[in-house]
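Let's take a walk through this structure together, starting with the whole chain and then stopping at a few residues along the way. Keep the 3D view open as you read.

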Amino acid sequence: MSDMAKPAAPASAQNTVPALLQTLGIWIIFAAILAFLPFVFSANAAITTMCLMGILVVFALSYNMLLGQTGMLSFGHAVYYGLAAFVTANAIKYYLAGGNVSLPLIVIPVIGGFAGLFFGIVFGSFSTKRGGTAFAMISLGLAELVSSSSLVLRSFFGGEEGVSFDRTKLAPLFGYTFGPQIQVYYLIAFWCFVCVALMYAFTRTPLGRMCNAVRENPERVEFVGYNPQFVRFLAFSIAGFFAGVAGSLAAINIEIAQASFMGAAQSGLVLLAAYIGGVGFFVGPILGAILIQLLSVKLSDFTEIWQLYFGILFITVILFAPGGLAGLLMMHAPLWRGPMGTRFARMGRLLGSYLIALVPALVMVIGASLLIELIHHVAQKSAEGPAMHFLRLRWLTINSHSLLIWAGAVVALVGGFFAFRMTWPIVRKAWNDAAADAQRSVS
């Protein structure tokens with residue numbers, strides 16, 4: 001799962017036996033992680049969260065086929081996710097569950113995938129005629145159009161209530177009816193693995209490489225004889241297929257399809273996941289989807305304004321780490337050279353400098369969080385009195401009307417920032433030393 005922005009390695013280098021074994025090993029480890037995660041995190045809440053992560057991973061990777069690979073910024077990718085969810089729900093409720101066709105639940109995401117592909121072809125036939133800002137605006141208009149239609153076409157979308165169904169009424173597979181959540185987890189994990197593998201394979205095809213060329217310079221692509229609009233159309237349609245699979249899995253997971261599946265919030269969520277994870281790397285949206293889903297579940301336990309923290313995180317990543325989480329990790333790849341003992345010693349010294357910087361950074365974050373929560377409490381919850389449970393922790397009750405608390409928050413924020421700033425030379429020196437040491441190891 002290397003950087004898609006890198007030029008392709010020579011075929012002879014890619015097809016060597018060690019390289020193939022290494023690639024095969026990565027996929028085996030990936031499958032093993034998916035299979036054994038429920039044994040490590042066996043609580044029902046953890047399994048539910050992992051189901052949501054798997055769905056968002058597929059959705060974020062499909063979005064990255066547009067943004068990261070082909071350079072198309074879409075504000076309406078949830079359209080194909082949501083429409084496929086409704087096609088799945090209606091198919092199960094009105095046709096498949098009646099015994100007209102004996103299909104097990106595990107093949108139902110194929111229906112969602114082809115629904116996403118169909119709508120991708122229809123909408124992509126005209127929206128991909130233009131790139132850049134024009135495409136982004138068209139995608140935004142399409143999202144509003146379809147979202148508004150969901151409240152008008154009640155027979156298909158079910159109005160505000162949505163379309164619910166019972167997934168256990170489908171044909172069982174080897175005795176499994178997919179009633180318990182753990183069985184649904186393995187269904188989602190199976191499709192997550194298949195979709196990730198297929199989308200990775202797509203990046204290695206000539207069409208995938210041509211998508212990269214359209215992203216970098218569509219005029220040059222046209223000059224050498226290819227049609228950039230047709231390449232965008234193909235990428236758009238294929239991305240619609242995988243978004244449809246994700247939407248179908250989402251409907252199966254909660255046994256309902258709702259209008260919110262197609263809303264701007266859903267499109268914004270997948271954009272956040274792709275950007276924060278890193279759109280320039282295949283593995284980036286996977287990391288972003290896991291982090292965003294985990295934060296959306298855990299942060300809501302600590303604060304009502306968890307979306308605000310998402311916005312701050314997004315702005316921070318755009319300003320200071322445009323490559324996302326994957327970009328930060330890949331920065332360290334050149335340092336992993338030389339004998340194994342030297343590698344660990346070098347990374348240990350570098351991590352030590354990171355820990356020195358982490359302490360004031362945490363003080364700064366706590367100060368900022370306290371200030372935000374104080375402002376929210378005073379502005380929105382003044383009727384509840386001055387007592388505030390910071391991060392909803394009852395043992396951390398503070399007086400929001402106390403000037404001392406406000407002053408402490410400001411001091412922690414400002415003092416933490418300047419202390420954090422003072423650690424930058426330490427981190428820079430450790431980085432330069434590690435880079436020089438890595439260079440000596442290979443020379």
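Before we start, one term: two residues are in contact, or touch, when heavy atoms of theirs lie within 4.5 Å. Also bear in mind that what you see is a predicted model.

With that in hand, try L103. You'll find L103 in the loop between α4 (78–94) and α5 (108–127). Leaving aside residues up to four places away in sequence, L103 touches L96, I108, L170 and A171. Is L103 buried, exposed or something in between? Its relative accessibility is 25%, so L103 counts as partly exposed. For a sense of distance, pick F233 as well: L103 and F233 are 130 residues apart along the chain, and their C-alpha atoms are separated by 32 Å.

Now zoom out to the whole chain. It has 18 helices and four strands. Along its principal axes, the C-alpha trace spans about 65 × 65 × 50 Å. What would we expect for the radius of gyration of a compact globule with 443 residues? The answer is a value near 22 Å, and the chain's 24 Å agrees with that. Of those 443 residues, 43% count as buried.

How do the parts of the chain come together? Take the contacts in the chain with a separation of 6 or more: residues 24 or more positions apart account for 75% of them. On the outside, the chain exposes about 22,100 Å², and carbon and sulfur atoms supply 71% of that area. As for charge, there are 24 positive and 15 negative side chains, with the centres of the two sets 10 Å apart.

Next, look at helix α9, which covers residues 206–216. Which of its residues are buried? They are G208, M210, C211, N212 and V214. These buried residues pack against four other helices: α3 (44–70), α8 (181–203), α10 (218–223) and α11 (228–254).

C211 brings us to the cysteines. How many disulfides does the structure hold? Zero. C211 is in no disulfide, and the nearest cysteine sulfur, belonging to C195, is 17 Å away. C51 is in no disulfide either; in its case the nearest cysteine sulfur is that of C192, at 11 Å. For comparison, a pair of cysteine sulfur atoms would have to be within 2.5 Å to count as a disulfide. Both cysteines are tucked away from the surface: C211 counts as buried because its relative accessibility is 0%, and C51 is buried too, with a relative accessible area of 0%.

Let's move on to V146, which sits in helix α6 (residues 132–149). Its relative accessibility is 7%, so V146 counts as buried. What does V146 touch, not counting residues up to four places away in sequence? Its partners are V79, L83, F123 and M262. You can also check V146 against I256: the two are 110 residues apart in sequence, yet 18 Å apart in space, C-alpha to C-alpha.

Another pair worth a look is R346 and D437. R346 lies in helix α16 (residues 340–380), while D437 is part of helix α18 (residues 424–442). The two residues touch each other. Beyond D437, and again leaving out residues up to four places away in sequence, R346 touches L335, W336, R337, A434, A438 and S441. Seen from the other side, D437 touches T342, R346 and R349 under that rule. Are these two buried or exposed? R346 is buried, with a relative accessible area of 1%. D437 counts as buried as well, because its relative accessibility is 15% and the cut-off for buried is under 20%.

The last stop is a matter of backbone angles. Most residues other than glycine have a negative phi. F178 is not a glycine, although its phi is positive, at about 60°. You'll find F178 in the loop between β1 (163–164) and α8, where it is buried, with a relative accessible area of 6%. E255 also has a positive phi, near 60°, in a residue other than glycine. Its place is in the loop between α11 and β2 (256–257), and at 24% relative accessibility E255 counts as partly exposed.

Technical notes
Residues numbered from 1 in each chain as written. Predicted model: local features only at pLDDT ≥ 70, side-chain atom pairs only at ≥ 80, totals over all residues. Heavy atoms only, no water. Buried < 20%, exposed > 50% of the residue type's maximum accessible area, 1.4 Å probe, protein only. Helix = DSSP H or I, 4+ residues; strand = E, 2+ residues; numbered from the N terminus. Rg over C-alpha atoms; globule rule 2.2 N^0.38 Å. Areas by Shrake-Rupley, 256 points an atom, 1.4 Å probe, with all protein chains shown as cover. Lys, Arg positive; Asp, Glu negative; His and termini not counted. Charge placed at Lys NZ, Arg CZ, Asp CG, Glu CD.
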